[in-house]
Amino acid sequence: MTEATRKPRMLEKRIQCQYDDLPGSERALADLILEFPGDLLVYSATELSERGGVSKAAVTRFVKRLGYQDYREMQREVREAQEAGEPVYLNTGLLGPAPDSTRLQQHLERDIANLRQTFEAVSPDDLGEVVRRCLTARRVWVLGFRNSYFFAAYLRRQLIQVRSDVTLLPAAGQTLMEELAGATPDDLMIAVGLRRRTPALGRAMKIVRDLGVPIAFFTDRVAVTTPKFATWTFPCQVRGMSLFDSYVAVISLANYLCTEVVAAAGEGGRERLSRIEDLFALMEEIDPSN
């Protein structure tokens, strides 16, 4: 869904419906919130009034005019939008000018925290079983939509080096069910579903599960519905410092999985890698000087 067609949250709708009739002080609040809705979770009502240059009474009147019982109810809606990964609500006015070193350090610390929180939650037994299935499955299907497609492509790119029959979905110009018609319980699906997920992901995972195919699911920590279709779920922390999510933990966990698959493949995996390198040389597909 594009930004132009994105369905507005109730907060936006309420402001837009009232905007033309708002007094000057409340219109200033409306402009501030529409530009940086994420600030509602950062500031108290008093702090918001100071930032908007209006009285606290104006904030109270504004909240009531929009139909909320109190400021906390309005904050609750923004929190739900942030948990859903809506970029508009992840944006805040705190992203203004700051020393480069401070911003860079904050970014680094956030990524390190994401890595730690993700790996601390991983079940080694579950990961080990997925590694085994990656090598023993008749066929591996790797599924991802929107931003998740990149990580699905990465997983396929690594796994194909140590085994054959690794299929990336959705394929260009094809429908999913045409590709999955031959899926069996002897296969494995690796699904990647990071916020914001498409309805097609859940539908596809349910159908694949009903076909008896085990599913390893890479997702974020707030996914609720789709994990119930998975055999193994690996929730990753993706909260970034801005409206953009941080995927450092996702790519690191995917890299670790593929590394373990290579190690478990043993001599057979090394033979395939060597054969691929020999074919690269014959085709001159890789420039050895770069």
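The largest cavity holds about 50 Å³ of space. A cavity here is a set of points, on a 1 Å grid over the protein atoms alone, where a 1.4 Å probe fits but cannot get out. Grid points are joined across faces, edges and corners, and the volume is the space filled by probe spheres set on the points. Rolling a probe the size of a water molecule over the atoms shows where empty space is left. The search of the whole structure finds one cavity of 30 Å³ or more.

This is a predicted model, in which local features need pLDDT of at least 70, side-chain atom pairs count only at pLDDT 80 or more, and totals for chains, interfaces and linings use all residues. Residues are numbered from 1 along each chain as its sequence is written, and side-chain values use heavy atoms, with hydrogens and water left out.

Which residues line the largest cavity? One run of the lining is Phe 145, Arg 146, Asn 147 and Ser 148. The others are Val 192, Gly 193, Leu 194, Arg 196, Arg 197, Thr 198 and Leu 201. Lining residues have an atom within 4 Å of a cavity point. By class, the lining has four nonpolar, four polar and three charged residues. Ala, Val, Leu, Ile, Met, Phe, Trp, Tyr, Cys and Pro count as nonpolar, Asp, Glu, Lys and Arg as charged, and the others, Gly among them, as polar.

Arg 146 deserves a second look. This lining residue sits in the loop between strand S1 (140-144) and H10. Its phi is positive, about 50°, although Arg 146 is not a glycine. Arg 146 is partly exposed because its relative accessible area is 47%. Buried means under 20% relative accessible area, exposed over 50%, and partly exposed in between, with a 1.4 Å probe and protein chains only.

Now the overall fold. The protein chain has 13 helices and five strands. Helices (H or I, at least four residues) and strands (E, at least two) are DSSP runs, numbered from the N terminus. Of the chain's 290 residues, 41% count as buried. Contacts between residues at least 6 apart in sequence are mostly long-range: 71% of them join residues at least 24 apart. Contact means heavy atoms within 4.5 Å.

Follow the chain out of helix H10 (148-159) towards strand S2 (166-169); Ile 160 lies in the loop between them. Is Ile 160 buried or exposed? Ile 160 has a relative accessible area of 17%, so this residue counts as buried. Beyond its neighbours within four places in sequence, Ile 160 is in contact with Asp 165, Val 166, Arg 272 and Ile 276. The C-alpha atoms of Ile 160 and Val 140 are 9.5 Å apart, across 20 residues of chain.

Asp 165 lies in the loop between H10 and S2. Its phi is near 60°, a positive value in a residue other than glycine. Asp 165 is partly exposed, at 43% relative accessible area.

Strand S2 holds Leu 168. Leaving aside neighbours within four places, Leu 168 is in contact with Val 142, Tyr 149, Ala 152, Ala 153 and Arg 156. Leu 168 and Gly 144 are 24 residues apart in sequence and 8.2 Å apart in space, C-alpha to C-alpha. Next comes a cis peptide bond, joining Leu 169 and Pro 170 with omega about 0°. Pro 170 is in the loop between S2 and helix H11 (176-180).

Turn to the rings. The whole structure has three aromatic pairs. Phe 151 and Tyr 247 form an edge-to-face pair, 5.2 Å centre to centre with 65° between the planes. The pair links distant parts of the chain, 96 residues apart: Phe 151 is in helix H10, and Tyr 247 is in the loop between strand S5 (232-236) and helix H13 (248-283). Phe 151 is buried at 5% relative accessibility, whereas Tyr 247 is partly exposed at 24%. Phe 218 and Phe 234 form a tilted pair, 5.4 Å centre to centre with 40° between the planes. Phe 218 is in strand S4 (residues 215-220) and Phe 234 in strand S5, 16 residues apart. Phe 218 is buried at 2%, and Phe 234 is buried at 2%. Phe 150, Phe 151 and Tyr 247 form one aromatic cluster. Rings of Phe, Tyr and Trp (its six-membered ring) pair if their centres lie within 6.5 Å; planes under 30 degrees apart count as stacked, over 60 as edge-to-face and the rest as tilted.

Last, the cysteines. The structure holds zero disulfides (pairs of cysteine sulfur atoms within 2.5 Å). Cys 134 is in none; the nearest cysteine sulfur, that of Cys 258, is 7.3 Å away. Cys 134 is buried at 1% relative accessibility, and Cys 236 is buried at 0%.

Terms used: 1 Å grid on protein atoms, 1.4 Å probe; cavity = no way out; pocket = protein on both sides within 12 Å on 5 of 7 lines; lining within 4 Å.
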